[in-house]
Amino acid sequence: MAVNVIAIDGPAASGKSTIAGLVAERLGVPYINTGNMYRAVTFYAIQQGLNLAACSEEKLSPVLEHIKLDYVKAASGQYEIKLNGEFPGAEIRSPEVVSLVSLVAALPNVRTWLIDKQREFARLGRIVMEGRDIGTVIFPDAQYKFFLTATPEERARRRLAQDGEAPDGATVESVAKAIAERDLLDSTRKTAPLKKADDAILIDTSGMSIEQVIEHILRYIK
Ligand code: CDP
């Protein structure tokens, strides 16, 4: 039987987080952003002084032993990530974290460490879970699977419009380049690469409004 999960995957800055959050809100179900887990691990490793440009499973494994990740219901009513007991806030969206997260997310031991935590959310009943490998690896038997994309230029424009995500002085061209680098790392890694599940519904959101994408998704969901 299919698991009661709405999986939303796609490349960087394709609008997944906005869409997944709003779809969950309309349906009145929890929304789980798995990218924040990889970002939290990366942020913590940076704080510990690790040189992540040359990261490895060996370097990360003692770090994982000291990390406690929880998702708790915040004042907003939504589930938010806690890193060692505290809400990390905007720090996990800093340009430094963004530039290193795909290197950390490529490590098999980091992914294995997160798989059980991600699958545990199925106990909440229907959820919307967003990431890169939800429909392929975490919940291959999810009831609904969507894969969101948009042209690189559109994604760069969206990312630039988001506060704090792009470094000072960034341009559409520089952001598009950084996004392309992250997509390349995410889609070519050996473990759980970014990939559309064969049975996922592909939505190219270029030129679509947020409301149009949400309505498109909700039409499929019973
Ligand atoms: O918001 P944006 O699409 O830019 O990124 P995110 O969803 O917060 O994910 C940040 C990074 O975490 C991605 O570039 C991937 O390297 C990694 N990630 C992953 O490997 N698997 C997931 N399920 C979610 C994120």
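This section describes the central sheet, the ligand site and two partly exposed residues of a predicted model.

The model is predicted, and local features were accepted at pLDDT of at least 70, side-chain atom pairs only at pLDDT 80 or more, whereas totals for chains, interfaces and linings use all residues. Residues are numbered from 1 along each chain as its sequence is written, and side-chain values rest on heavy atoms, with hydrogens and water left out.

An open sheet is formed by five strands in the order S2-S5-S1-S6-S7, with parallel pairing. Helices (H or I, at least four residues) and strands (E, at least two) are DSSP runs numbered from the N terminus, and two strands pair if DSSP finds at least two bridges between them. Strand S2 (31-33) and strand S7 (201-204) are the edge strands, each pairing on one side only. On average, neighbouring strands of this sheet are turned by 20° against each other, direction ignored; axes are lines fitted to C-alpha atoms, for helices over the stretch in contact, and angles run from 0 to 180 degrees between N-to-C directions. Helix H1 (residues 16-27) packs on the sheet and touches S1, S2, strand S5 (127-131) and S6, contact being defined as heavy atoms within 4.5 Å. The direction of H1 makes about 180° with that of S5. Five bridges join strand S1 (residues 3-9) to strand S6 (residues 142-149) in the parallel sense, and Ile8 has Phe146 as its bridge partner in S6.

Around the ligand there are 20 residues, counted where a heavy atom lies within 4 Å of it. Among these 20, Lys16, Arg39, Arg111, Arg159 and Asp186 come nearest. Polar contacts are pairs of N or O atoms within 3.5 Å; within protein, one atom must be able to donate a hydrogen and the other to accept it, and residues adjacent in sequence count only if both atoms are side-chain atoms. A side-chain N or O atom of Arg39 lies 2.6 Å from a ligand oxygen atom, and one of Ser102 lies 3.1 Å from a ligand oxygen atom. For Ala13, a backbone N or O atom is 3.3 Å from an oxygen atom of the ligand. The protein covers 99% of the 530 Å² of accessible area that the ligand has on its own, by the Shrake-Rupley method with a 1.4 Å probe; for residues, only the protein chains shown count as cover.

Asn51 lies in the loop between helix H2 (35-47) and helix H3 (57-65), and its side chain reaches the backbone nitrogen of Ala53 at 3.2 Å. Asn51 counts as partly exposed because its relative accessibility is 45%, the class between buried (under 20%) and exposed (over 50%). Glu215, in helix H9 (residues 210-220), is likewise partly exposed, at 41%.

Notes: Buried < 20%, exposed > 50% of the residue type's maximum accessible area, 1.4 Å probe, protein only.
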